[in-house]
Amino acid sequence: MATDEHSEETQSTPPPSPPAPEEPYSIFDKRQKALIVLIVSTAATFSGFASNIYFPALPTIAHDLNISIELVNLTVTSYLIFQGLAPSLWGPVSDVRGRRVAYCCTFLVFLGACIGLAETRNYATLIVLRCLQSTGSASTIAIGSGVIGDITTRADRGGFMGIFQAGLLVPVAVGPVIGGALAGSLGWRAIFWFLTIYSGAFLIFLIILLPETLRSIVANGSLTPSNPIARYPLHIYQKTTKVDWNREAGPREPAARKRIDVTGPFRILISKFAAPIIVFLAIYYAVWQMSITAMSTLFEDRYGLTETQIGLTFIANGAGSMIGTLITGKILDLDYRRVKAKYEAHTAQTDAEGANGLARSATEKEAYFPLEKARLRLVPVFSFVQCLSILLFGWTIQYPERVHIAVPIVSTFITGWTAVSTQSVVMTYLVDVFSDRSAAASASLNLARCLFAAGGTSFVMPLVNSIGVGLAFTICAIVQVVSLLAVAVQWRFAAAWRRETLEDKSQS
């Protein structure tokens, strides 16, 4: 009798409900992430297109406007200055107001500037509108880095950043070819009509297909915001994703909203956590841009190339850039997983052997993770190879009657490969360190590298004309080697600085 009562009671008791599945870091599946990365990579091409499509036309613009080549080079310098400053505004805006709002604003500015440049008739208008064009296009890289930080974890971020970097470097390869062809056949103003049509068509494409990803607005993508700009097309992604997430749960709390902090990129730039590695990269980027800026004039003067031929010489630099960053992205992911596996095995063993039997918290484990070892291991290798390629470029182009033009072109392939690989490594590292301010971190890096490049491109031709190509780029290579001391400082002290800050926060 008692047994029957017990069995009835057991049958009437409902089985325990299965535990709720753990919320994914991002609800976007691989297919959706691939589309998002494709969109932001295409958006990032505008910064490179507006810069690189312009290089083959520099001698033509100087002749058409009746100004010196040094004055035309100043339009490159001014573009780089605003390319560095603009993301310091748009990056924080995208970190607070949303990625889609920031993209729409920047593309509208870029579109208007391109129309004005296509109609310009004097040097003053040219330089002012180039600054405005840079203000509109430059921030696409910082915003894109923020989007990738929103939807990826450290374990897979390197590969996606590699794809992103490769996408934004397409203009380095094809931009000068298009620019040379347009300037040679239709005139240099056709370059800006091309950019007008390209940017207008892409803006429509972006509005239709890019979802809002900012975690303070949409959390992991599962929160549907009330703002119609942010809501569409996110709700379509939510319906079509293949990632399991709890659709029936109540409203999810997004990450804490922040105020727009325009000084954020500047504070990251001067912080001890980032300053050494940012200064290092800025120097290497400046030398790379100096070699690219000098190429048009040097190849025209030394080898007698036409605009179209000059444009074709840039293919090697762009191809090296794209191939390098794709391979580097995969290496970054492999390095991170290898270092993480060793670290987790070591911490598990340490916790097991601990006398108190208490395991480290997740925060402690993250604070002691050797991030520099996982991310910066290949930086010295890329650096030394770039120094050698810069020396090869300078000394081979010094003697055009003795050295075939193929040699300096091959050197630009190597320079592009190593320069962009280093940039991909450092940008991924900064997004890891400043994961809650990823767009601002990217903006700080962009600010430093563009300001350094602006200075370098403004004096590269006077330096070459005064002491020769070979000696000028030898000086550049020496500066690059000395700057490796900054990498040593970052490797040796950055982790300890982060732990000290974490401990101070926990005690306060």
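In this predicted model, the charged end of Arg402 sits over the ring of Tyr399, at 5.1 Å from the ring centre. A second arrangement of this kind involves Arg130, whose charged end sits over the ring of Tyr54, 3.9 Å from its centre.

Beside Tyr399 in the sequence is Gln398, which belongs to the loop between α21 (379-397) and α22 (406-433). With a relative accessibility of 23%, Gln398 counts as partly exposed, because the buried class is reserved for residues under 20%. Leaving aside residues up to four places away in sequence, Gln398 touches Arg302, Gly468, Val469 and Gly470. Its C-alpha atom is separated by 9.8 Å from that of Pro408, a residue ten places away along the chain.

The setting for these local features is a protein chain with 24 helices and zero strands. Of its 508 residues, 56% are buried. Among contacts between residues at least 6 apart in sequence, 84% join residues that are at least 24 apart.

One example of a link between distant parts of the chain is an aromatic pair, Phe46 in helix α2 (residues 30-52) and Phe107 in helix α6 (residues 99-118), which are 61 residues apart. The centres of these two rings are 4.9 Å apart and their planes stand at 85°, so the pair is edge-to-face, given that planes over 60 degrees apart are assigned to that class. Both Phe46 and Phe107 are buried. The structure holds 19 aromatic pairs, and ring pairs join Phe46 and Phe107 with Phe49, Tyr103, Phe110, Phe194, Tyr198, Phe202 and Phe205 into a cluster.

Two members of that cluster, Tyr103 and Phe107, are also touched by Thr140, whose other contacts, not counting residues up to four places away in sequence, are Ala43, Ala44, Ser47 and Phe164. Thr140 has its place in helix α8, and with a relative accessible area of 0% it is buried.

Helix α8 also takes part in a packing between helices. Two packed helices are described by the angle between their axes and the distance between the axes. For α8 (residues 139-151) and α23 (residues 438-467), the angle is about 150° and the axes are 7 Å apart, while the crossing in which α8 passes α23 is right-handed. On the side of α8 the contact is made by Ile141, Ala142, Ser145 and Gly146, and on the side of α23 by Ser438, Ala439, Ser442, Ala443 and Arg449. Sorted by class, this contact of α8 with α23 has four nonpolar, four polar and one charged residues. The spacing of such contact residues can be read against a general property of helices: an α-helix has 3.6 residues a turn, so residues three or four places apart point the same way.

A further helix to examine is α5 (residues 87-96), where nine of the ten residues are buried, so this helix is largely enclosed by the rest of the structure. The buried residues of α5 are Pro87, Ser88, Trp90, Gly91, Pro92, Val93, Ser94, Asp95 and Val96. After α5 comes Gly98, whose phi is positive, near 120°.

Terms used
Residues are numbered from 1 along each chain as its sequence is written. This is a predicted model: local features need pLDDT of at least 70, side-chain atom pairs count only at pLDDT 80 or more; totals for chains, interfaces and linings use all residues. Side-chain values use heavy atoms; hydrogens and water are left out. Rings of Phe, Tyr and Trp (its six-membered ring) pair if their centres lie within 6.5 Å; planes under 30 degrees apart count as stacked, over 60 as edge-to-face and the rest as tilted. Helices (H or I, at least four residues) and strands (E, at least two) are DSSP runs, numbered from the N terminus. Buried means under 20% relative accessible area, exposed over 50%, partly exposed in between (1.4 Å probe, protein chains only). A charge sits over a ring if NZ of Lys or CZ of Arg is within 6 Å of the ring centre and within 35 degrees of the ring normal. Axes are lines fitted to C-alpha atoms, for helices over the stretch in contact, and angles run from 0 to 180 degrees between N-to-C directions. A crossing is left-handed if the near helix is turned anticlockwise from the far one by less than a right angle, and right-handed if clockwise. Contact means heavy atoms within 4.5 Å. Ala, Val, Leu, Ile, Met, Phe, Trp, Tyr, Cys and Pro count as nonpolar, Asp, Glu, Lys and Arg as charged, and the others, Gly among them, as polar.
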